[in-house]
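Student: I'm new to this one. Could you take me closely through one part, the strands and how they pair, and then show me what sits around them?

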Amino acid sequence: MRVGLIGYPVTGKSTLYRAAARGLAKGEVTAVVVPDARFDAIVAQVRPKKATPATVILCDDLESVQGSGKAFSPRLLESARKADLLLHVVRAFDNPVAPYHTSVAPLRDQESLDVELVLNDLQIVENRLERLHKSMAVRSPGSPEYAEKALFERIQSPLGSGTALRAQELSEDDWTIVRNYQFLSGKPMVVAFNVPEAEAASPSAELVARCEALRKIGAPAFCACATLEEEIAMLDAADQPEFLASLGLSEPASAKVIRAVYDALGLITFFTAGDNETRAWPLRRGSRALKAAGTVHTDIARGFIRAEVVHYADYAACGSLDAAYSAGKMSLEGKEYVVRDGDLLHIRNKS
Ligand SMILES: Nc1nc2c(ncn2[C@@H]2O[C@H](COP(=O)(O)OP(=O)(O)OP(=O)(O)O)[C@@H](O)[C@H]2O)c(=O)[nH]1
Ligand SMILES: [Mg+2]
């Protein structure tokens with residue numbers, strides 16, 4: 001899962017990126033480990049040669065557009081297009097050098113960036129429609145061009161009035177076409193309001209209300225103070241809980257980011273517990289065993305015979321996989337089995 005940080009200049013994107021990466025960020029792309037006590041317990045019991053936790057990939061654009069008068073660098077947009085999800089960082093702290101939208105108005109900035117994404121998509125739609133109008137293929141019903149023109153004409157007017165693609169009613173077939181264009185307003189979004197230090201534990205009522213409203217429309221949102229979070233991330237892991245508690249915070253920004261990303265994408269985690277490698281895997285909720293097998297390896301999906309499934313609660317109650325198998329807690333499932341959060345899977349396969 002690739003998460004692209006997006007936002008106006010000098011809103012604290014890179015600061016939040018470094019904080020979320022817990023000081024381990026090298027360059028513009030970094031893998032953030034998904035904290036999971038179940039995975040830690042499996043690893044402690046299985047003692048595999050290699051333990052690979054689930055990760056979320058964060059991407060920041062280190063090239064600053066500060067001073068250029070632009071809202072985005074072309075590279076930022078390019079990187080956002082490749083992302084599965086956008087993490088929008090909104091400035092809610094005062095900064096005299098902010099080059100864009102100089103006053104502090106996070107609600108306005110959050111909406112206005114969303115509109116910029118929509119307008120960016122509208123431009124692409126209009127350019128494509130102009131080209132389609134000139135093509136011959138567009139006249140034959142049944143051609144991909146015909147379907148594309150019909151869809152683009154349908155989404156054009158809502159985009160023109162500021163409705164993001166993610167808020168429009170699109171069918172699976174529509175999304176297949178839309179995905180080819182990597183539209184930004186069609187991507188799931190998480191919003192982080194970057195608040196001043198004094199408000200880290202108690203954000204303003206208007207921000208709390210906006211977070212709630214965004215969550216309701218499928219865009220999980222949270223408040224954090226990026227500079228403070230960066231300081232926390234630099235502490236020894238053992239010292240972090242006490243420091244967080246003294247600030248009135250329940251968890252670090254990295255945990256907030258991961259949870260919001262999991263929520264926005266509807267992700268669950270399944271595990272493969274092997275002596276060589278024990279691993280946690282993110283998977284879209286509702287996915288079937290065949291999809292999970294393909295996540296592990298395409299060959300395993302191709303040779304899929306059956307999935308041996310033990311649910312985490314049964315594993316934990318029995319104390320080991322062997323004990324769970326002996327207690328009859330393993331079920332043999334086919335390709336169509338819908339994987340549950342916390343399943344331990346072993347895929348029997350022909351490969
Ligand atoms: N007071 C305060 N300042 C912050 C906070 N987060 C970031 N800053 C400051 O804002 C400035 C810009 O932070 P960056 O993280 O570089 O912002 P950015 O969005 O990556 O900036 P560009 O990449 O140049 O667009 C720095 O001076 C940070 O110290 C915050 O939570 N509170
Ligand atoms: Mg930056």
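Tutor: Here is a walk through the strands, followed by a helix contact and the domains. Keep in mind that this is a predicted model, where local features need pLDDT of at least 70 and side-chain atom pairs count only at pLDDT 80 or more, while totals for chains, interfaces and linings use all residues. Residues are numbered from 1 along each chain as its sequence is written, and chains are lettered from A and ligands numbered from 1 in the order in which they are written.

Let's start with the open sheet: six strands in the order β2-β4-β1-β5-β6-β7, with mixed pairing. At its edges lie β2 (29-33) and β7 (221-224), each pairing on one side only. On average, neighbouring strands here are turned by 25° against each other, direction ignored. (Strands are DSSP runs of E, at least two residues, and helices are runs of H or I, at least four, numbered from the N terminus; two strands pair if DSSP finds at least two bridges between them. Axes are lines fitted to C-alpha atoms, for helices over the stretch in contact, and angles run from 0 to 180 degrees between N-to-C directions.)

Zoom in on β1 (residues 2-6) and β5 (residues 85-91): they pair in the parallel sense over four bridges. There, Ile6 stands opposite His88 in β5.

Now hop along to β10 (residues 304-311), which pairs with β12 (residues 343-349) in the antiparallel sense over seven bridges. β10 also pairs with β11 (residues 331-333), again antiparallel, over three bridges. Ala307 has a bridge partner in each: Ile347 in β12 and Glu333 in β11.

What about helices? α1 (residues 13-20) and α10 (residues 253-265) pack at about 95°, with axes 8 Å apart. That angle makes α1 roughly perpendicular to α10 (the label covers 65 to 115 degrees). Leu16, Ala19 and Ala20 in α1 meet Ala253, Ser254 and Val257 in α10, contact being C-beta atoms, placed from the backbone, within 7 Å. The residues of this contact divide into five nonpolar, one polar and no charged (Ala, Val, Leu, Ile, Met, Phe, Trp, Tyr, Cys and Pro count as nonpolar, Asp, Glu, Lys and Arg as charged, the others, Gly among them, as polar).

Stepping back, an automatic or database assignment sets the domain bounds: domain 1 is 2-264 and domain 2 is 286-349. Their centres, taken over C-alpha atoms, are 32 Å apart.

Key:
Parallel < 35°, antiparallel > 145°, perpendicular 65-115°, else oblique. Contact = placed C-beta atoms within 7 Å.
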